[in-house]
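User: I am new to this structure and would like a close look at a single part of it. Please describe that part, and then place it in the rest of the chain.

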Amino acid sequence: MFRTSALAAVTAVAAVALTACGGAADDGYGSAPAAAPETLTAPAGTVLTANSTAQLGAVVVDGLGWTLYRFDSDTADPPTSNCAGDCATTWPPVLAEPGTPLTVDGVDQAAIGTITREDGGVQLTIAGWPVYRYAADSAPGATDGNGVGEKWFAVTPEGGRAEAP
C-alpha cells in the first residue's frame, strides 16, 4: 500500500513538472515564451524627427518612423486644415495632446505649432502647415504618399515640400 501511494505521488509530481515545461514532447523550437512579445509603442508624448531618405532628402517622421505629409489645399497663413471626413481617414491628422511632452530632433521647435480642427482635435503644424500620416504607407519610413494627387507631399523639417535631392 505504501508503494502504491509513493508511486502515485511520484507520477503526480512528474506530470506537474512536464506540464510546467510546456509538455512532454520536444518540438525542436524550444519552449514557448512566457508572454507574448512586446509590440512597438510610440514614445510618450509627441516625437518629430528629421529622417534622411534616398529619394526625397530630409523628411519629418513621427516617433514610430512613419513619414509625415502636408496638403497643398491647406494653408499655412493662417494655418488651416482642409482635410476632414474621408480625407482624414486616408490622411489621418497628426494630433497632439495638450500637456504631453514634445520631442524634436532635426526639426526647429519654433516651427512647430498647433491648430484646432473642426472636429475639436488639436493638430500639429510645421511652419504653419498641418501635418498628416498616409494610411496607405507600406511601412515606417515609406514615402508612398509623396505626390499623391499632386497635392500631398512629405514635409521637410522646414515645413516645405520634400523633393528629390
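Analyst: Two strands count as paired if DSSP finds at least two bridges between them. Strands (E, at least two residues) and helices (H or I, at least four) are DSSP runs, numbered from the N terminus. This is a predicted model, in which local features need pLDDT of at least 70 and side-chain atom pairs count only at pLDDT 80 or more, while totals for chains, interfaces and linings use all residues. Residues are numbered from 1 along each chain as its sequence is written, and side-chain values use heavy atoms, with hydrogens and water left out.

The part chosen is strand β2, which covers residues 57-61. Its partner is strand β1, residues 46-53, and the two run in the antiparallel sense, held by five bridges. One position in this pairing is S52, whose bridge partner in β2 is A58. The link from β1 to β2 is a hairpin of three residues.

Is β2 enclosed or open? Because four of its five residues are buried (under 20% relative accessible area, with over 50% called exposed and partly exposed in between; 1.4 Å probe, protein chains only), β2 is largely enclosed by the rest of the structure.

Some of that surrounding structure can be named. T156, in the segment after β10, touches A58, V59 and V60, and also I126, R161 and A162, when residues up to four places away in sequence are not counted (a contact is heavy atoms within 4.5 Å). T156 is itself buried, at 11% relative accessibility.

V59 also appears in the largest nonpolar core, a set of 13 residues. Such a core consists of buried Ala, Val, Leu, Ile, Met, Phe, Trp, Tyr and Cys residues joined through side-chain atoms within 4.5 Å. V59 is among those with the most contacts inside this core, along with Y69, C83, W91, Y132, W152 and A154. At least two residues of the core come from each of β2, β3 (69-71) and β10. A separate core of 11 residues includes V94, A96, I126 and V155.

Within the first set, W91 touches Y69, C83, Y132 and W152, and further R133, Y134, G145 and V148, again leaving out residues up to four places away in sequence.

Now the wider chain. The protein has two helices and 10 strands, in the order α-β-β-β-β-β-α-β-β-β-β-β along the sequence. Of its 165 residues, 32% are buried. Taking contacts between residues at least 6 apart in sequence, 66% join residues at least 24 apart.

Some loops have backbone features to note. In the loop between β4 (75-76) and β5 (79-80) sits P78, and the peptide bond from D77 to P78 is cis, with omega near 5°. A127, in the loop between β8 (122-126) and β9 (129-130), has a positive phi of about 55° without being a glycine. E150, in the loop between β9 and β10 (152-154), is another residue other than glycine with a positive phi, near 55°. A127 is partly exposed at 35% relative accessible area, whereas E150 is exposed at 67%.
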